[in-house]
Amino acid sequence: MGDVTSQGDRAALVAAVRARVEYDRELGVLGYPERPPGALPAPEPVRATVATETDLFAAPGLQRAQSLDAVRTELGDCTRCKLARHRTQIVFGVGNPKARLVFVGEAPGRDEDLQGEPFVGRAGQLLTEIITKGMKLEREDVYICNVIKCRPPENRNPEPDEVASCEPFLVRQLELIGPEVIVALGKFAVQTLLREKTPITKLRGRWYDYHGIRLMPTFHPAYLLRNPAEKRVVWEDIQKVMRVLGLPTPAR
């Protein structure tokens, strides 16, 4: 029989696997059966599991990274999922490493893949207008990143295994930045951060808690390009963020 330390390590590994299986089942990964009647419910969606030293899915050394540059170094020339063979370059994130406000999107698109910077295409131009014209900030004042660091082929939706591969790096980014507010842009950012499957239409505009950080879900700028009438509700969401951050808002 192993010593107490090895038994503890095994228990931690089993817990990590159990948590990941539950997460993948909730996101609909093929191969996991539906939870049987009477089984324990899924964890509360706002209590997303942060990667730890014993997390099987975190890169070795990731939790020892004490800066965003160190996290990027740990990410390396990543080949952890199938997106690696399709990308031009990794799109890690840009902005103030100690920003009070972080925007988290879904994944890089074509322009982002070519330039290596998030939100630089048409959707990115709209996000920039929200930041500079609406909030009266500069892009350099905030931090901008995506859940997925590589462009999915033809801009398809991220798949669960791809989210699982990138998530520990996103979590560590947010831990090191320590923002006051996160704005989750669109369905996949919200699902990943909150472990939540509820449609974005029902989640947006309400405050949630992400490990002590206020999180505001709202529509992705790409959605607004297709549905310009929804810009009004996004502006309402952004004004709530501005009030929390103490930024001036238009008179009601």
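A crossing of two helices is called right-handed if the near helix is turned clockwise from the far one by less than a right angle, and left-handed if the turn is anticlockwise. Keep that in mind for the helix pair discussed below. The structure above is a predicted model.

**The chain as a whole**

Let's start with the overall make-up. The protein chain contains nine helices and six strands. It has 252 residues, of which 47% count as buried. Taking contacts between residues at least 6 apart in sequence, 68% of them join residues at least 24 apart.

**Two helices that cross**

How do α4 and α9 cross, left-handed or right-handed? By the definition above, their crossing is right-handed. Helix α4 covers residues 122–134 and helix α9 covers residues 231–245; they pack at an angle of about 50°, and their axes lie 12 Å apart. Angles from 65 to 115 degrees would count as roughly perpendicular and those under 35 degrees as roughly parallel, so the two helices are classed as oblique to each other.

The residues that meet are easy to pick out in the viewer. On the α4 side they are Leu-126, Ile-130 and Gly-134, and on the α9 side Lys-231, Val-234, Trp-235, Ile-238 and Met-242. By type, the contact consists of six nonpolar residues, one polar and one charged. When reading such a list, it helps to recall that an α-helix has 3.6 residues a turn, so residues three or four places apart point the same way.

**The sheet, strand by strand**

The six strands make an open sheet of mixed pairing, in the order β1-β3-β2-β4-β6-β5. Its edges are β1 (94–95) and β5, each of which pairs on one side only. The table follows the sheet from the β1 edge to the β5 edge, with one residue pair for each strand pair.

| Strand pair | Bridges | Direction | One residue pair |
|---|---|---|---|
| β1 and β3 | two bridges | antiparallel | Gly-95 (β1), Tyr-143 (β3) |
| β3 and β2 | four bridges | parallel | Asn-146 (β3), Gly-105 (β2) |
| β2 and β4 | four bridges | parallel | Leu-101 (β2), Val-181 (β4) |
| β4 and β6 | five bridges | parallel | Val-181 (β4), Arg-214 (β6) |
| β6 and β5 | three bridges | antiparallel | Leu-215 (β6), Tyr-208 (β5) |

Val-181 is a handy place to begin in β4 (residues 181–185). This residue is the bridge partner of Leu-101 in β2, and it also stands opposite Arg-214 in β6.

Strand β3 is worth a look from both faces. Tyr-143 and Cys-145 point one way, Ile-144 and Asn-146 point the other way, and all are buried. Strand β6 (residues 213–218) is mostly covered too, with five of its six residues buried. At the β5 edge, β5 and β6 form a hairpin with two residues between them, and His-211 in the turn has a positive phi of about 50°.

**An enclosed helix and what follows**

Which residues of α6 are buried? They are Phe-188, Ala-189, Val-190, Gln-191, Thr-192, Leu-193 and Leu-194. That makes seven of the eight residues of the helix (187–194), so α6 is largely enclosed by the rest of the structure.

Just after α6 comes Arg-195, with a positive phi of about 55°. Arg-195 belongs to the loop between α6 and α7 (200–203), and this positive phi occurs in a residue other than glycine.

**Two residues in other loops**

Asn-155 also has a positive phi without being glycine, with a value near 60°. Asn-155 is found in the loop between β3 (143–146) and α5 (160–177). Is Asn-155 buried or partly exposed? Buried residues have under 20% relative accessible area and exposed ones over 50%; Asn-155 is at 41% and so counts as partly exposed.

Gln-63 sits in the loop between α1 (4–26) and α2 (68–75). With a relative accessible area of 17%, Gln-63 falls under the 20% cut-off and therefore counts as buried. How far apart in space are Gln-63 and Glu-175? Their C-alpha atoms are 9.8 Å apart, while 112 residues separate them in sequence.

Methods. Residues numbered from 1 in each chain as written. Predicted model: local features only at pLDDT ≥ 70, side-chain atom pairs only at ≥ 80, totals over all residues. Heavy atoms only, no water. Buried < 20%, exposed > 50% of the residue type's maximum accessible area, 1.4 Å probe, protein only. Pairing = 2+ DSSP bridges. Axes fitted to C-alpha atoms, helices over the stretch in contact; angles between N-to-C directions. Parallel < 35°, antiparallel > 145°, perpendicular 65-115°, else oblique. Contact = heavy atoms within 4.5 Å. Nonpolar A, V, L, I, M, F, W, Y, C, P; charged D, E, K, R; others polar.
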